[in-house]
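User: Could you take a close look at one part of this structure for me, the side where one domain meets the other, and show me how the pieces around it fit together? I'm in my first year, so please take it step by step.

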Amino acid sequence: MKETFKIKKIILRQLQMKMKAPFTTSFGTIHNKDFLLIEAVDENGLSGWGESVAMGSPWYSEETVQTSQHMLEDFLFPTLLNAPLTHPDEVSEKFSHIRRNNMAKAAVEGAVWDLYAKRTGEPLAKALGGTRDKIGVGISIGIQSSVNALLHLIDGYLTEGYQRLKLKIKPGRDVEVLREIRRVYPDVPIMADANSAYTLKDIDLLKRLDDFNLMMIEQPLEHDDIIDHAKLQKELSTPICLDESIHSVSDARKAIELGSCKIINIKIGRVGGLTESKKIHDLCAKNGIDVWCGGMLEAGVGRAHNIAITTLPQFTLPGDTAGSSRYWEEDIIVPEVTVNADGTINVPNQPGIGYEVNMKAIEKYKVSEKVFTA
Ligand SMILES: O=C(O)CCC(=O)c1ccccc1C(=O)O
Ligand SMILES: [Mg+2]
């Protein structure tokens, strides 16, 4: 019989960390990262950790730090506290009567996965069915004030070893920028992420992107669309990757059926957790759809979860999980995440997420703290 366990206490901390450099996408600029950290404690006093990726403002998705806090405090924690569990897959089942709010759900589900793996004494990557001991990573670079500034950044990141570049684009900062970057770097793997900045009216411009031998174009059209993306994919030779449009394995199935994309970016928070991420991964593996792990400018706890999920076999393309020092003066885990000269990250083999939380750093960046008990 499987051992049952219960979450007896949850500590919810809000943190604010200043980014080393502001990060600009087509939807806006992020200077400070506001987020929630969740510590779920079992009957033995063992803790599991999760991180919410909802931002301060609803520009990438509808969730914010405050809406996540509301969902967690008023709906998700009460559902979970004291409920007998045998496996973390049961968490998303318990949450299934609550619509959406995937980032809030994923944050606490991630804490339960970490706790479960610590209880069984295995790395989270193994608990998830991961098979790699290293993962390949690229770098996502925000929109810069000039092409020269972008070239300077690219030079540094390629020297560090990152395996591919993801360049953020928006109308007016697309064809010319990519042409210039391709001129200097004819062979570097490059992808472009539009964060929904275009519509089908821009089809002629989007077709010109086929000239740049891009690995993919990520989420060119509306955040909730899969129909127009299917029309666009028929017109482009560059593969379309969906990010914002995919919230569940059911969304993924429909997008694949329609031909809306050839690649899916899995973000644990966007799809409601690790269990749903695994389901999307398995569906993509069956259908020959390449998968990679997207990033949400995570601090160390979220970064560790991204590393763990990326060890699954269908994560065939480099992800956005860069090293801690790309974002932070000081991260909230020990050791920090570092990237090898060949653009890989070593997957930790300690139990759970495999990194210690840095309580001193957490105290330093903490804005508020609340404790919930069964
Ligand atoms: O964490 C990273 O480095 C990736 C950053 C990134 O591209 C991103 C950051 C915030 C919101 C959306 C996105 C995105 O992938 O679209
Ligand atoms: Mg994206």
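**Where the two domains meet**

Analyst: Happy to! This is a predicted model, and its chain is divided into two domains: domain 1 covers 7-121 + 358-373, and domain 2 covers 126-346. Notice that domain 1 is written as two stretches of the chain. Taken over C-alpha atoms, the centres of domain 1 and domain 2 are 23 Å apart.

Let's go to the place where they touch. There, 36 residues of domain 1 are in contact with 32 residues of domain 2. On the domain 1 side, at least two residues each come from the strands β1 (7-25), β2 (28-42) and β3 (47-51), and from the helices α2 (89-94), α3 (102-120) and α12 (359-365). Of these, α3 gives the most, with 10 residues. If you sort the residues on this side by class, you get 19 nonpolar, 11 polar and six charged.

Now let's see what these elements are part of. The strands β1, β2 and β3 belong to an open sheet of four strands, with the order β3-β2-β1-β15 and antiparallel pairing. At its edges are β3 and β15 (366-373), and each of these pairs on one side only. Ignoring direction, neighbouring strands in this sheet are turned against each other by 20 degrees on average. Between β1 and β2, which run antiparallel, there are 14 bridges. You can find one example by looking at F23, whose bridge partner in β2 is I30.

Next come the helices on this sheet. Helix α3, the one that gives the most to the domain contact, packs on the sheet and touches β1, β2 and β3, with its direction at about 150 degrees to that of β3. Helix α1 (residues 65-80) lies across β1, β2 and β15, and runs at about 15 degrees to β2.

How do α1 and α3 sit against each other? Their axes come within 9 Å and cross at roughly 50 degrees. Angles from 35 to 65 degrees fall in the oblique class, and α1 and α3 are therefore oblique to each other. The crossing is right-handed. From α1, the contact uses S68, M71, L72, L76 and L80, and from α3 it uses M103, A104, K105, A107 and V108. By class, that makes eight nonpolar residues, one polar and one charged.

Just ahead of α3 there is a detail worth finding. R100 lies in the loop between α2 and α3. Its phi is near 45 degrees, a positive value in a residue other than glycine. To put that in context, most residues other than glycine have a negative phi.

Now cross over to domain 2, which spans 126-346. Here you can follow an open sheet of seven strands with parallel pairing, in the order β5-β6-β7-β8-β9-β10-β11. The edges are β5 (139-141) and β11 (290-293), each with a single partner strand, so one side of each has no neighbour in the sheet. Inside this order, β6 (residues 165-168) and β7 (residues 190-193) pair in the parallel sense over four bridges. For one of the pairs, look at L165, whose bridge partner in β7 is I190.

This sheet carries a helix to look at too. Helix α10 (residues 274-287) lies across β10 (263-266) and β11, and runs at about 165 degrees to β10. Helix α9 (residues 249-258) packs with α10 at an angle of about 20 degrees, their axes 9 Å apart. An angle under 35 degrees counts as roughly parallel, and α9 and α10 are therefore roughly parallel to each other. Their crossing is right-handed. The residues that make this contact are V249, A252, R253 and I256 of α9, together with E276, K279, I280, L283, C284 and N287 of α10. By class there are six nonpolar, one polar and three charged residues in it.

One last stop is P335, in the loop between β12 (333-334) and β13 (344-346). A cis peptide bond joins V334 and P335, with omega about -10 degrees. For comparison, most peptide bonds are trans.

To come back to your question: on the domain 1 side, α3 gives the most residues to the contact with domain 2, and α3 also packs on the sheet through β1, β2 and β3.

Definitions and conventions
Residues are numbered from 1 along each chain as its sequence is written. Chains are lettered from A and ligands numbered from 1 in the order in which they are written. This is a predicted model: local features need pLDDT of at least 70, side-chain atom pairs count only at pLDDT 80 or more; totals for chains, interfaces and linings use all residues. Two strands pair if DSSP finds at least two bridges between them. Two residues are in contact if their C-beta atoms, placed from the backbone, lie within 7 Å. Axes are lines fitted to C-alpha atoms, for helices over the stretch in contact, and angles run from 0 to 180 degrees between N-to-C directions. Domain bounds come from an automatic or database domain assignment. Ala, Val, Leu, Ile, Met, Phe, Trp, Tyr, Cys and Pro count as nonpolar, Asp, Glu, Lys and Arg as charged, and the others, Gly among them, as polar. Angles under 35 degrees count as roughly parallel, over 145 as roughly antiparallel, 65 to 115 as roughly perpendicular and the rest as oblique. A crossing is left-handed if the near helix is turned anticlockwise from the far one by less than a right angle, and right-handed if clockwise.
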